[in-house]
Amino acid sequence: QVQLVESGGGLVQAVGSLRLSCAASGGIIDISTMAWYRRTPGTERELVASVSSSERQNYAESVKGRFTIARDNAKNTVYLQLNSLKPDETAMYYCKFRIRTGKGWGTWADYWGEGTQGTVSS
């Protein structure tokens with residue numbers, strides 16, 4: 001069955017960088033939108049960045065110019081490069097893919113990874 005696995009989280013100092021990866025496997029026919037979300041215990045889940053199958057990119061206003069999303073279709077993988085990180089961006093980061101798993105256009109569904117923790121110290 002489909003599963004998504006994130007990697008690349010860790011501890012960095014303020015103004016440092018992280019590179020996150022999310023790879024999908026299992027029963028995949030096609031993948032359309034790939035996206036990254038984040039949340040903390042004191043905040044609602046936030047869409048950070050997304051990239052469509054046509055390479056259209058969207059970013060939260062707070063991360064524009066600092067974060068970059070990219071996809072590698074051959075590897076069923078999405079990346080997020082996080083630069084100039086701030087302490088208040090300490091969060092659990094989640095990937096989400098829209099995936100087709102069967103014949104017919106009614107088989108599309110959203111799948112989530114379990115998250116990777118990014119911690120930014122001052």
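## T77, a disulfide and a four-stranded sheet

Setting aside neighbours within four places in sequence, T77 is in contact with C22, A23, M34, A70, R71 and D72. Keep in mind that this is a predicted model. One of those contact residues, C22, also forms a disulfide with C95, so the tour below goes from T77 to the cysteine pair and then to the sheet.

**Around T77**
- T77 belongs to strand 8, which covers residues 77-82.
- Its relative accessibility is 6%, below the 20% cut-off, so T77 counts as buried.
- The T77 side chain reaches the backbone oxygen of K75 at 2.8 Å.

**The disulfide**
- The structure holds one disulfide, and it joins C22 and C95 with their sulfur atoms 2.0 Å apart.
- This pair links distant parts of the chain, with C22 in strand 3 (residues 18-25) and C95 in strand 9 (residues 91-100), 73 residues apart.
- The torsion about the S-S bond is about 55 degrees, so the disulfide of C22 and C95 is right-handed.
- Both C22 and C95 are buried.

**The sheet**
- Four strands make an open sheet in the order 1-3-8-7, with antiparallel pairing.
- At the edges sit strand 1 (3-7) and strand 7 (67-72), each pairing on one side only.
- From one strand to the next, the twist averages 15 degrees.
- Strands 1 and 3 run antiparallel and are joined by five bridges.
- Q3 has S25 of strand 3 as its bridge partner.

Conventions: Residues are numbered from 1 along each chain as its sequence is written. This is a predicted model: local features need pLDDT of at least 70, side-chain atom pairs count only at pLDDT 80 or more; totals for chains, interfaces and linings use all residues. Side-chain values use heavy atoms; hydrogens and water are left out. Helices (H or I, at least four residues) and strands (E, at least two) are DSSP runs, numbered from the N terminus. Buried means under 20% relative accessible area, exposed over 50%, partly exposed in between (1.4 Å probe, protein chains only). A polar contact is a pair of N or O atoms within 3.5 Å; within protein, one must be able to donate a hydrogen and the other to accept it, and residues adjacent in sequence count only if both atoms are side-chain atoms. Contact means heavy atoms within 4.5 Å. A disulfide is a pair of cysteine sulfur atoms within 2.5 Å. Two strands pair if DSSP finds at least two bridges between them. Axes are lines fitted to C-alpha atoms, for helices over the stretch in contact, and angles run from 0 to 180 degrees between N-to-C directions.
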